[in-house]
Amino acid sequence: MATKTRDSASPPLLEKTVIKNTTPRAIELVILSLLISLLVYRVITFKNQDHHFPWLLALLCESWFTFYWILVVNVKWTQCMTKTYPERLLDRVNESEFPAVDIFVTTADPILEPCIITMNTVLSLLAVDYPANKLALYLSDDGCSPLTFYSLVETTKFAKLWVPFCKKYNVQVRAPFRYFTPKPPSIEDESLEFPQEWKKMKNEYGNLYKKIEIAAQRTFPCDRDSDLGVFADVHRSNHPTIIKVVSENKEGTPNYLPHVIYISREKNPNHHHHYKAGAMNVLARVSGVMTNAPLMLNVDCDMYANNPQVFLHAMCMLFSFKNEEDCSFIQFPQAFYDGLKDDPFGNQLAHLYYMGNGVSSIQGPFYAGSNCFHRRKVIYGSSPNDAVKTGNTDNENLHKMFGKSIELRESAAQALSGSNAKIENRRIPSSFIEAAIQVAGGSYEYGTSWGKQIGWMYGSTTEDILTGLSIHGRGWKSVFCTPEPPPFLGCAPLTYPVALTQQKRWATGLLEVLFTNKNPLLLTLNGKLWFRQALVYMWICLWGIRSVPEICYAVLPAYCIITNSRFLPKISESAFLIPMGIFVIYTLYGIWEVKRLDISLRMWWNLQRMGRVNAMTAWLFACPSVVLKLLGLSQTIFEVTQKCQNSFDGDDNDDANAGMFTYDRSPMIVPGVVILLINLTALINGVSGLLNIGSRENWTAMFGLGEVFCSVFVSLCFWEFLKGLFGNGKYGIPSSTIWKSGGLALLLVQLCRRSSQWF
């Protein structure tokens, strides 16, 4: 099944496995050949059709599906995966040779992203298996919340107890809210000391939890004479830069806590702050001034380090590649804890396993916005050709690129030349607070290359994809690391409205990428992006546009039933075997794939239907959003995904209604309700027509059974919407939405009936 390749050195830190996927390739090619055959059939028989409009619309939609299937086949064509061996690392590399790492944790709203979730992420990162004197943790608070700062201060105090406890007993899950359960976990050390310390530590965490919860439930006092005085009279969208060094490892002790720094960058209504991309660039500049580590890890506030050896796994990757070009960034997968059973909203990403392995065998995985180790020099705009030389590090060029800060220009020159890997004179961040405040200013980037050539790229709400695309476009490769247990775990949206909002933001940002100077096809022609990698980026960036043919194809069966026309061959024709073969083979192939991943059939169905529901609802709204932005009529907005908070007692998962669809007044569900009502109307219309026909011979003459099957299939995809039409409370679709959707559906049905006279 697999061929293994390894370096000549033994034992290796990394093994790369090339997966032989002959059977999947054959099936994918069969599906592709059937799709092409269907297109050829439609072109040949077009003139013979009584109704040209549905035939033409089907041809256009199926042409899109064929093109998109080619993109999918390209992604999955070659598969590889890597396995790392952190237990061998110290036999190959001295601990003193480990590079320093600056850790970035980003949060934007203490309400949508509860502080206790963020603080558990911080604790898990402070306790990883890595020398503390080589780490610095930066928390970016875009909400400028005194609650977040207070929580970080209290969390750092608890960390002085928590980190030694984790390392003493080799605790594997180092986020307290996941570690503490009603019963102490069993460990190899069976002494009486551990249960006592476990109870003590649980009580200490309980106290921290209560402090944060109590602080969150009241108006936060900001005494001007205290550390919180800087938050007095500030507004989250209009305030000066706030940087606080919460903890310092001044002595450079490996077993002490890493540096912990709080940052709230300047916000001013006169300056665009560029959402998360802007926050990441401030983190890059502030950390460059303060610690200037050659590696940077960024994680979302809910993505805690589930595997304490995640840094060691990254080092295995880093030290295994002889050429820096092959490892610009190390992406770890996004996985989720306490996910809803069978993934009813289709947002847990488990089905993207083969896609991840496929991209890894080309130019490397996407940058996913979290769980990623970056080389600082790469983020600073370095190209692979610069890896063996110091590059253009003259002061004038650095001033144009990095700005007027002397400290930042000096650190950037060191990072670009690689000399910062051995620097030891930046161990005291508090010595550089003034310089850090300067580079975190709202107007600092004007006249520089930040967001254009260096740092996280501006121009899309999916700054991660755009930034990774820019890196690949310069000729770098990236690597995908999937150790066990999962290195990071986060929380997936647990309600449908939140999942819908997240899908809309993704589709909007991905579509924006196509209208920037980082378009994948342009980078293939003018840059160093591989052609197959460009097709991979096209596959994901076309999510928004995919909504149009999906909607047209979902309405087409209902149109044919209402107008007594066809878009599929008759059952009596041999050509009917082509669409039937596509459906059957694609379905069986999908089931076979998910069974190899140990995914249930129910989850497979949820992924199938939600793939279509999301395309016809959330993704559809990406198109007008991007069009309005291109016309200069509006700007896209970065909508923060709401994170769900677990209670300290861990009793949140007993809700019998978990996974049920809830609805709000969002206009994004209107297209889905309209499509459902049109198909139900068509089916009712068809059944009533059948009742008026006596002979079976006339049934198939009235309309095709293929169209009926497709209409039923679409209705099943929107089954949860059908239940929502009759639901109560939050489980029911609001009456205003139903009336709007009903009116639109009625209008479209009337247009369908009249159009039969036009076409």
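Cys144 is found in the loop between β5 (135-141) and α5. In this predicted model, the phi of Cys144 is positive, about 45°, although the residue is not a glycine. Cys144 has a relative accessible area of 5% and is therefore buried, the cut-off being under 20%.

**Backbone features in loops**

Asp342 also has a positive phi, near 65°, and is a residue other than glycine. Asp342 is placed in the loop between β11 (335-336) and α10. A positive phi, near 105°, occurs in Gly475, which follows α15. A cis peptide bond, with omega about -5°, joins Glu484 and Pro485. Of this pair, Pro485 lies in the loop between β13 (479-480) and β14 (488-490).

The backbone angles are collected below.

| Site | Angle | Value |
|---|---|---|
| Cys144 | phi | about 45° |
| Asp342 | phi | near 65° |
| Gly475 | phi | near 105° |
| Glu484 and Pro485 | omega | about -5° |

**Helix α15**

Helix α15 comprises residues 463-473, and 11 of its 11 residues are buried, so the helix is largely enclosed by the rest of the structure. The buried residues include the charged Glu463 and Asp464. Also among them are Ile465, Leu466, Leu469 and Ile471, together with His472 and Gly473.

**Two helix pairs**

Helix α1 (residues 22-45) and helix α2 (residues 52-76) have axes that come within 10 Å and cross at roughly 160°. Because angles over 145 degrees count as roughly antiparallel, α1 is roughly antiparallel to α2. The crossing of α1 past α2 is left-handed. On the α1 side, the contact is made by residues including Ile31, Leu32, Leu35, Leu38, Leu39 and Arg42. On the α2 side, the contributors include Trp55, Leu59, Glu62, Phe65, Trp69, Ile70 and Lys76. By class, the residues of the α1 contact with α2 divide into 15 nonpolar, 3 polar and 4 charged.

The second pair consists of helix α16 (residues 496-513) and helix α22 (residues 622-630), whose axes come within 9 Å and cross at roughly 45°. At that angle α16 and α22 are therefore oblique to each other. Their crossing is right-handed. Helix α16 contributes Lys504, Ala507, Thr508, Leu511 and Glu512 to the contact, and α22 contributes Ala622, Cys623, Ser625, Val626 and Lys629. The residues of this contact divide into 5 nonpolar, 2 polar and 3 charged.

An α-helix has 3.6 residues a turn, so residues three or four places apart point the same way. In α16, the contact residues include Lys504, Thr508 and Glu512, and also Ala507 and Leu511.

**Individual residues and their surroundings**

Ser370 lies in the loop between α10 (353-360) and β12 (372-375). Its relative accessible area is 0%, and Ser370 is therefore buried. Leaving aside neighbours within four places in sequence, Ser370 is in contact with Asn298, Val299, Asp300 and Met303, and also with Gln331, Phe332 and Gln334.

Glu593 is located in helix α20 (residues 577-596). With a relative accessibility of 12%, Glu593 counts as buried. Not counting residues up to four places away in sequence, Glu593 touches Lys76 and Tyr354. Lys76 is also one of the α2 residues in the contact with α1.

Gln172 is found in the loop between α5 (146-168) and α6 (176-179). Its relative accessible area is 42%, so Gln172 is partly exposed. Leaving aside neighbours within four places in sequence, Gln172 is in contact with Asn306 and Pro308. From C-alpha to C-alpha, Gln172 and Glu550 are 45 Å apart in space, with their positions 378 residues apart in sequence counted as the separation.

**Confidence of the model**

The protein chain has a mean pLDDT of 88, and 91% of its residues reach 70 or more. Among its elements, strand β4 (residues 101-107) has the highest mean pLDDT, 97, and strand β1 (residues 2-5) the lowest, 43. Over residues 1-8 the pLDDT stays under 50, and the model has 17 contacts for this stretch beyond four places in sequence. The pLDDT is also below 50 over residues 387-391, a stretch with 4 contacts in the model beyond near neighbours in sequence. Where pLDDT is low, the predicted coordinates should not be read in detail.

How values were computed
Residues are numbered from 1 along each chain as its sequence is written. This is a predicted model: local features need pLDDT of at least 70, side-chain atom pairs count only at pLDDT 80 or more; totals for chains, interfaces and linings use all residues. Side-chain values use heavy atoms; hydrogens and water are left out. Helices (H or I, at least four residues) and strands (E, at least two) are DSSP runs, numbered from the N terminus. Buried means under 20% relative accessible area, exposed over 50%, partly exposed in between (1.4 Å probe, protein chains only). Contact means heavy atoms within 4.5 Å. pLDDT is the predictor's confidence in each residue, from 0 to 100. Axes are lines fitted to C-alpha atoms, for helices over the stretch in contact, and angles run from 0 to 180 degrees between N-to-C directions. Angles under 35 degrees count as roughly parallel, over 145 as roughly antiparallel, 65 to 115 as roughly perpendicular and the rest as oblique. A crossing is left-handed if the near helix is turned anticlockwise from the far one by less than a right angle, and right-handed if clockwise.
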